[in-house]
Amino acid sequence: MIPSSQTMQNRLRVRQLSLIAALNASKSLRKAAELMHLSQPSATKMLHEIEETLGVTLFERLPRGVQPTVYGQSVIRYAQRILSDLEGLRDELVTREAGGMGEISIGATMASVPGLLSHAILDLKNRFPRLKIKTHLSTSDVLLEQLEKGDVDMVLGNIAVRGDYPNLDFEVLEEEALSIVGGSHSSWRKKRRLQLADLANAGWVLQPPASPIRQLIDKEFEEAGIPTPLNLVETASILVTTTLLQQSEMVAVVPTSIGQHYAKDGILCFLPVRLKFQLAPYGMVTRNERFPAPAMKILKDSLRSFVQSGAQAAPQPGTRSHKKS
């Protein structure tokens, strides 16, 4: 029988959760015991106590190490979150002791950097100069996993995968179009109209396969009847992307807002290629069933206000945006 939440609160200890995290990291009772400065028999006894408390087997004992069961995978996720929250609590207390305003960690995709992310940072720092703000830039799939583990407090990113994360809250902020771009000197910009097939043999800079943008462009190639180009570089870094485009005839797919930002500075140019598929709306994602830090409400209100004011840049002239049909 799975015990009541009250029983769990009364019997589970933080050190036991630390053992769960150590076992997940090391996949070995001996190594986990070493990490926690315990003897192996003590670590084994502690694991038995946790499993007895929860009424389920958390790890399968193998000839060489341990492997989490389906129950263990759930406990690992919550253990990591609780330990991360405790670390955040300690950091916040230290910051406040020094006269600061606490800390907030924001995960963001590159599409949010020129508008949402930069606005949020400047607005919060203007009102709360001592608030410590951390940013983590990556693709939506990576960031949502970090959010579930407690590594970030909020994600600004694509929210098409909401059904895969029942423990997260999603709030739509804006639509986001995709565009094909080249370097500002690119010979492709001289073309008045291009088809995707015209670029099939070009060098491409694309995001990793698991990212939402990459999945959409692969679908574009499939529907156009052409294979995904073999001449490609895979990266989630906008710095790598813009640098390669500036120094070559390569092309890339980026969120239109990113293209606008770099086209304004003469770094990128938009290519006249129609894209049938576009990103799902993006917005802010937070964990549910938890007490948010006071700064989270301020951050959310700031982002909502920014979007409602229409402060985001207008679409690039001549850039076509087509929502997924």
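How much area does the chain expose, and what share of it do carbon and sulfur atoms supply? In this predicted model, the exposed area of the chain comes to about 17200 Å², and carbon and sulfur atoms supply 53% of that area. Burial was assessed over the 325 residues of the chain, of which 44% count as buried.

The secondary structure of the chain comprises 11 helices together with 12 strands. When contacts in the chain with a separation of 6 or more are considered, 74% of them are accounted for by residues that lie 24 or more positions apart.

Two loop residues were examined for their backbone angles. Most residues other than glycine have a negative phi. Lysine 27, which is found in the loop between helix 2 (14-26) and helix 3 (29-35), has a phi near 55°, a positive value in a residue other than glycine. The relative accessibility of lysine 27 is 36%, and this residue therefore counts as partly exposed, since that class covers the values between 20% and 50%.

Histidine 37 likewise has a positive phi, with a value near 60°, and is a residue other than glycine. The place of histidine 37 is in the loop that runs between helix 3 and helix 4 (40-54). Because its relative accessibility is 73%, histidine 37 counts as exposed, the cut-off for that class being over 50%. Thus, lysine 27 is partly exposed, whereas histidine 37 is exposed.

Notes:
Residues numbered from 1 in each chain as written. Predicted model: local features only at pLDDT ≥ 70, side-chain atom pairs only at ≥ 80, totals over all residues. Heavy atoms only, no water. Helix = DSSP H or I, 4+ residues; strand = E, 2+ residues; numbered from the N terminus. Buried < 20%, exposed > 50% of the residue type's maximum accessible area, 1.4 Å probe, protein only. Contact = heavy atoms within 4.5 Å. Areas by Shrake-Rupley, 256 points an atom, 1.4 Å probe, with all protein chains shown as cover.
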